[in-house]
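Good morning, and thank you for coming. I should like to take you through a structure and describe how some of its elements are arranged.

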Amino acid sequence: MATKVAMPKLSDTMTEGVILKWRYKEGDKVKQGDTLVEIESDKADMELEAFDTGVLRKIFVPEGGKAAIGAPIAIIADANEDIQSLLKDTAPAKPPAQTPPVAARVPAPPAPAPLPTAPPAAPGDGRVKASPLAKRLAVENHIELRSVAGSGPQGRVVKRDIEQFLAAPRSPFAHAPSPIVEGSSRDVELSPIRKTIAKRMTESKQTAPHFYVTVEVDMEPAIAFREQLNKVYESKISFTDILVKACATTLMKHPLVNGSFLGDAMRQYGYAHVAVAVALDEGLVTPVLRNCEQKGIARISEELKDMVERARHRKLKPEEYQGGTFTISNLGMFGVDEFIAIINPPEGAILAVGAISEKPVVRNGQIAVGRAMRITLSCDHRIMDGAVAARFLQDLKAHLENPVSLVSIE
Amino acid sequence: MPTVSFREALNQAMDEEMARDDRVFLMGEEVAQYNGAYKVSQGLLQKWGPKRIWDTPIAEAGFAGIGVGAAMVGLRPIIEFMTWNFSLVAYDQIANNAAKMHSMSGGNFSVPVVFRGPGGAAHNLAATHSQALEAIYAHIPGLKVVMPSNPRDAKGLLKTAIRDDNPVIFIESEVMYGDRGEIPEGEYTIPLGVGEVVRQGSDVTIVSWSKVLQQVTLKAADRLAEEGINAEVIDPRTIKPMDWEMIFESVRKTNRLVVVEEGWPFAGVGAQISHEVTKNVFDYLDAPVERVTQEDVPLPYAHNLEVASLPSVEKVIRAVKTVTYRS
C-alpha cells in the first residue's frame, strides 16, 4: 500500500524540520524499521524510521530542504504501484534556500506552545495506532505514545517499540563527573543539558530586562496548614507543593505575570503550567506540572514526586519539561535566605524561594519568634511593570498566609 | 506406564465403565458383531453380551433418540456415530431432546448420554464426510463437547463423560485411532473443562485441539522454535466448558494468540475464543488475534485442494509471524 512519509513532530516547539540526509535514494527498497532519513529539528538531530516496507518511490524534500510538520517528505509504495494520486495532491516542498528563522526576528527564545495543548502530529491520519498492550505499557511507564515510533503495520506501536523506547537513553544527561587531578586544570565538554542551560540563560538575561521584587511571608499559617494536611494524607505534602498551588491560583488572577513576550505581542495563558526547578548532577531540569489551577494540592504533590523521581532517573520526556508558563526555584532546603533567579524563557517570571527561618516578629504589640520566608519574583519588564509584580506578590503572600484559600470547598 | 493406541484407550474406558456401572451400554452401527467400524468396541460384545452392546440399523435419528430416552429413564447410554457427519441426521434428537430436556422438564429428567465417534476430515472423503462439527454442538446450551488429542486424555475424559449427568458430545478422529501413547497405570479420570499446556513458550499462545493439534500445530511450533519463536501451545481438551483462565493466563504472558482449528471460520470455536480473550485480557494483547481454520468452502475431494483447504503447518507459521510482527 502506498503511504506518504510525513515530517514528524520531534519536539514541543518544532514547526518545521530540515532534511539532513536521506539514507536511501529513490528506487531503493526500504524495510519497516530501517532508518530512512535524518532530520534536524529545533532541538536535535533525529533519525526517522520507515513505517512501512516497500520501495522509496519519491523524495519530495531534498537534503537541506525544509518541510512543515505533517508535510509529506516521501512516498513508500510497492515497486509497480500507481502513486499518481499521491503525487498530485502533494504541494511542492520549500527549496533549501532558507528564510530567516523565526527566532532571529523575535528576540526571544523558541516560541511557546500555542494556547491549547499542542496538537498531536503523527504519520498517516494523525491517529496514533497502538496495540492494547502497548497503550497499557505506555500509561504504566508514563510514555507519550506519540513519541514512540511504531514498527507494526501502518506504524502501529507494539510492545517491542515500547521496550526499545524504554531501553534507549531517555535524556541527554550522560556526563558522569570524575575527580580533577589536584594542581591541574582541565576542559570538560559541556553536556547537552549544560549547553542548553548556558544558551537559554544567556539569551534570557541578555534579551529580557529583569527586575526583582521581594516580599517576606509569615509562614506560621502555612506550617500549621501543612501539619494538618499531613495528618490526612499519607504521602507527605511539601511546602513546594503548597507553593505551586498558591502560585497557580495567583497566576490565574494576574495574566500579565502568566505570559510570554512575543516581540510585537504578548501571550497570556489561561492556564498555569508551573515548572519546578530540580537540581540534578548534570544540571537543572524543570518538570512542568500542567493545569495546576485545576488540581488540588494532593494531586500536585503526587505528580511532582513522580516527576522528580523520574527526572533523577533521566526518564522525563522532552514534553514533560517544556511548555511551562511560570517557574518556581526553591533553595530553601539549603538554608538560603533569599536569592534571585533568571527567568526561564519563554516564561515571563520566575519565583525564587528562600528558607523558612525564625525571625523576631511583632504580634499584638509584642515581639515574638515567628517563622518567615522570603520570596523574590524575577520579572520580564517587557510584559509587566513593578506594580504588577508587587500586586502579584501581595496576592501570593495573602494566599500563603491564609492557605485555606487554596482549598476548593465546592 | 503402559502404551496403548487411541482406540484401545477408548475401549478400556468403555469396558471399565461398563464393569463399574451396569447402567452403561453401547449402541451404534456395527459396534457389536463387527467390533466397530474402526474397531473401537473390539471384544466388547463377547465380554458384555448383546444386552449391553447393540447393533443398530442405519438410522441415526432413531438410535440417537433411543439413547436420549434410555438416559431419561435412568440408563447411561454411549451412542456411537460411525462418523459425526452422520449425526446431522440425528441433530434434532441431540440439539432439541438431549440438550434441552433437563431444562424443559424443570430438572425432572437428566440425560446422561454420551454421543461419540470420529469427526473432521480424514483423506479424500469429500465434502459431506469430512466435517469438523464441534462448533455447531458447542453452540447449543446444554451440551458439553469433548475433543481429546491423545490416548491418555481419550480414556480419562471418556470415563468422565460417561459419568457426567449431562449429554456429552465426544469427538475423536479416524486418523488418530492408531496413535499410540502412554496412559497411567490403573483407574484414572480427567475432569471436563480443564485444559493442558502441552508446550511451554513465551512469544505466542496457540490454542488447538484434537487431530490438528498433533498433526499441524505442534509441528508448526517445532519449526517456529528453530526460528527462535517460542510458542506456548494449549490443548483445551474440552471445547465446552472451555478452560478460559488457562488461555487468559497464557495470553497475559505471551501477549499474542493464534487459534488453530479444523472447523470453518464463521462462528467457529476460534471466533468465541478470540472474543473472550479480546474482552477479558484486551490490555495484554499486542496484536489482533489470528485464526487458522479450514477455508470457508465445502471440503474438496481433490487431494491438492483438500490440502489447500485444511489448516497446515505453513498457515500456522504465517499466522504466528503476523501476531509477532515478523516477516
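Let me begin with a term: a crossing of two helices is called right-handed if the near helix is turned clockwise from the far one by less than a right angle, and left-handed if anticlockwise. Please note also that this model is predicted.

With that term in hand, consider chain A. Helix 7 of chain A, residues 239-251, and helix 9 of chain A, residues 386-401, have axes that come within 9 Å and cross at roughly 135 degrees. Because angles from 115 to 145 degrees count as oblique, helix 7 of chain A is oblique to helix 9 of chain A. The crossing of these two helices is right-handed. On the side of helix 7, the residues involved are Ala246(A), Cys247(A), Thr249(A) and Thr250(A); they meet Phe392(A), Asp395(A), Leu396(A), His399(A) and Leu400(A) of helix 9. The residues of this contact comprise 5 nonpolar, 3 polar and 1 charged.

I turn now to chain B. Here an open sheet of 7 strands runs in the order 3-2-4-5-7-6-12, with mixed pairing. Its edges are strand 3 (53-55) and strand 12 (238-240) of chain B, each of which pairs on one side only. Neighbouring strands are turned against each other by 20 degrees on average, direction ignored.

Within the sheet, strand 2 (residues 24-28) and strand 4 (residues 76-80) of chain B are paired in the parallel sense over 5 bridges. Val24(B), for instance, has Arg76(B) in strand 4 as its bridge partner.

Finally, the two chains meet: 8 residues of chain B contact 9 residues of chain A. The chain B side consists of 5 nonpolar, 1 polar and 2 charged residues.

Methods:
Residues numbered from 1 in each chain as written. Chains lettered and ligands numbered in written order. Predicted model: local features only at pLDDT ≥ 70, side-chain atom pairs only at ≥ 80, totals over all residues. Contact = placed C-beta atoms within 7 Å. Nonpolar A, V, L, I, M, F, W, Y, C, P; charged D, E, K, R; others polar. Pairing = 2+ DSSP bridges. Helix = DSSP H or I, 4+ residues; strand = E, 2+ residues; numbered from the N terminus. Axes fitted to C-alpha atoms, helices over the stretch in contact; angles between N-to-C directions. Parallel < 35°, antiparallel > 145°, perpendicular 65-115°, else oblique.
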